[in-house]
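Below are some notes on the model, set out as numbered points for a colleague to check against the coordinates.

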Amino acid sequence: MIELTVNGIKRQVDVVPEMPLLWVLRDELDITSAKYGCGVAQCGACTVHIDGKAVRSCQSHIGEVAGKSVVTLEGLDNKDQHPVIQAWIEHQVPQCGYCQAGQIMQAISLLARISKPTDEQINQVMSGNLCRCGTYPRIRAAIHAAASRKMAEK
């Protein structure tokens, strides 16, 4: 049995240590916000937070995650009022929506490290999260809006 904390709840899973975290989340724990996009950590659709850092869950083996804390979109504190999610809605970021959970988790990680990022910093950090619909200008605008919201809350 492998033990980890997912969205604040201690969980045990009986899987091989080499199983990707993405499949544990989706197939074993029924947590479906992280999506399979490429399987090689190049698209970001599977992005979750492991101990506070944005990580591609398709390439994170469950054995490496044992004892750590995993947060998915479903596990965000005060999710409906989260500044990034509010900005995403305000700027109508989603089009097809497939990449959005990964985009949001990456954006939250960015804003945790850099409270008021420049366009260049946003582009650099978000470059590993692909959007096939091309909503990058709206993603960037939403991140700026979320940063302003977070600053106003302080």
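1. Aspartate 14 counts as exposed because its relative accessibility is 63%, where exposed means over 50% relative accessible area, buried under 20% and partly exposed in between, with a 1.4 Å probe and protein chains only. The residue lies in the loop between strand 2 (9-13) and helix 1 (21-28), helices being DSSP runs of H or I with at least four residues and strands runs of E with at least two, numbered from the N terminus.

2. This is a predicted model, in which local features need pLDDT of at least 70 and side-chain atom pairs count only at pLDDT 80 or more, while totals for chains, interfaces and linings use all residues. Residues are numbered from 1 along each chain as its sequence is written, and side-chain values use heavy atoms, with hydrogens and water left out.

3. Asp14 joins Asp27, Glu28 and Asp30 in a patch of negative charge on the surface; patches take residues with over 30% relative accessible area and no salt bridge, joining like charges within 9 Å and nonpolar side chains (Val, Leu, Ile, Met, Phe, Trp, Tyr) within 5 Å.

4. The count comes to one salt bridge, defined as a side-chain nitrogen of Lys or Arg within 4 Å of a carboxyl oxygen of Asp or Glu. Glutamate 90 pairs with arginine 149, the closest N and O atoms being 2.7 Å apart, and this pair links helix 3 (residues 83-90) to helix 6 (residues 136-153) across 59 residues of the chain. Glutamate 90 is partly exposed at 47%, and arginine 149 is partly exposed at 27%.

5. Overall, the protein has six helices and five strands, and buried residues make up 44% of its 154 residues.

Conventions: Areas by Shrake-Rupley, 256 points an atom, 1.4 Å probe, with all protein chains shown as cover. Lys, Arg positive; Asp, Glu negative; His and termini not counted. Charge placed at Lys NZ, Arg CZ, Asp CG, Glu CD.
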